[in-house]
Amino acid sequence: MLKIYPILCRAGVMDNYAYLIIDQETQTSAIIDPSEVKPIIQKCEELQIKPKYILNTHHHFDHTDGNFALKQKYQCQVVGNIKDSSRIPEFDIGVEDGKSFSLGASKAEIIDVSAHTQGHILWYFPEDKVVFTGDTLFNLCVGGLFEGTAEEMFTALQKIKALPDDVEFYPGHEYTMHFAKEAFVLAPSVELAEYIDRAQKRLNQGLPVAPVSLGVEKKCNPYLRANNLTELQQLL
């Protein structure tokens with residue numbers, strides 16, 4: 001089983017989330033998408049954790065800026081899509097779509113969701129029922145198309161929609177309230193109103209909105225509600 005610690009980085013600027021994850025059986029740990037070094041080191045020192053790996057979802061600087069310093073400090077290995085080996089800083093270990101990666105006794109399935117960037121991957125831990133979506137899926141929105149097409153984003157979202165409803169997702173940014181009003185205008189519902197109310201209460205308490213179950217997200221996120229490419233294109 002995984003223990004998951006969200007770490008807010010670039011607070012008030014880009015509001016990234018990095019995640020410290022620990023396999024509780026073996027105490028093997030990793031940092032997902034280290035955007036900013038200082039808050040990550042603070043959390044590691046607080047928990048007396050020395051991460052063994054850095055797991056990147058994609059190559060963008062705000063998800064990889066901590067790779068070099070954390071690798072130097074902890075002698076950890078950087079893991080990412082083998083297709084992105086030339087673009088992810090300090091790259092060590094390549095993973096591939098459809099294959100798996102072991103973090104101690106916890107196993108991640110690698111899912112290619114190229115769209116936001118080419119080579120973007122999800123880190124999906126089926127036994128723990130959690131998925132780290134980077135910049136592909138946010139609360140009530142999706143990431144922009146920096147390198148991909150609408151068709152690729154639609155394909156990526158279908159892969160996410162195919163995951164079980166009880167899987168909880170952890171996004172790469174805290175953008176919930178930026179998109180809440182638009183989501184409500186597009187498809188108002190009692191469930192969405194409850195989603196937004198819960199999100200605001202958690203943020204007021206200094207907590208991340210995540211995790212949210214994919215079952216709820218599929219009902220509330222306009223981009224996941226799109227049934228075909230044309231509907232998605234109208235949103236992008």
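Let me start with a term: a residue is called buried when its relative accessible area is under 20%. By that cut-off K71 is buried, because its relative accessible area is 18%. Keep in mind throughout that this is a predicted model.

I'll stay with K71 and go through the charged pairs. Side chains of opposite charge can pair when their charged atoms come close. What does K71 pair with? Its salt-bridge partner is D92, and the closest N and O atoms are 2.9 Å apart. D92 sits in strand β6, residues 91–95, while K71 sits in helix α3, so this pair links distant parts of the chain, 21 residues apart. As for accessibility, D92 is partly exposed, at a relative accessible area of 33%. There is also a third member here: K71, E90 and D92 are linked in a network of salt bridges.

How many salt bridges does the structure hold? There are nine. I'll show two others.

One of them is between the side chains of D65 and R10, at 2.6 Å from N to O. D65 is in the loop between α2 (61–64) and α3 (67–74), and R10 is in the loop between β1 (2–9) and β2 (16–23), so the salt bridge ties together parts that are 55 residues apart in sequence. D65 is partly exposed, with 43% relative accessible area.

The other is between the side chains of K43 and E46, at 3.4 Å from N to O. Both belong to helix α1, and because they are three residues apart there, about one helical turn separates them. E46 counts as exposed, with 55% relative accessibility.

Next, the backbone. Which residues have a positive phi without being glycine? I have two to show, D33 and L140. For D33, phi is near 50°. D33 is in the loop between β3 (29–32) and α1 (37–47). Its relative accessible area is 3%, so D33 is buried. For L140, phi is about 65°. L140 is in the loop between β11 (137–138) and β12 (141–142). At 1% relative accessibility, L140 is buried as well.

One peptide bond also belongs on this slide. The bond joining A210 and P211 is cis, with omega at about 5°. P211 is in the loop between α6 (190–204) and β14 (212–213).

Last item, helix α4, residues 150–161. Does its length agree or disagree with what 1.5 Å a residue predicts? For 12 residues the span should be 16 Å, and the end C-alpha atoms are 16 Å apart, so the two agree.

Which residues of α4 are buried? They are A150, M153, F154, A156, L157 and I160. Looking down the axis of α4, these buried residues fall within an arc of 165°, so they line one face of the helix. And what covers them? The cover includes the strands β9 (121–125), β11 and β12. It also includes the helices α7 (214–220), α8 (222–225) and α9 (229–235). Two of those names came up a moment ago: β11 and β12 are the strands on either side of the loop that holds L140.

To recap in the order I'd look at them on screen: the network of K71, E90 and D92, the cis bond between A210 and P211, and the buried face of α4. That's what I have.

Methods: Residues are numbered from 1 along each chain as its sequence is written. This is a predicted model: local features need pLDDT of at least 70, side-chain atom pairs count only at pLDDT 80 or more; totals for chains, interfaces and linings use all residues. Side-chain values use heavy atoms; hydrogens and water are left out. Helices (H or I, at least four residues) and strands (E, at least two) are DSSP runs, numbered from the N terminus. Buried means under 20% relative accessible area, exposed over 50%, partly exposed in between (1.4 Å probe, protein chains only). A salt bridge is a side-chain nitrogen of Lys or Arg within 4 Å of a carboxyl oxygen of Asp or Glu. The expected span of a helix is 1.5 Å times one less than its number of residues. The arc is that of the directions from the helix axis to the C-beta atoms. Contact means heavy atoms within 4.5 Å.
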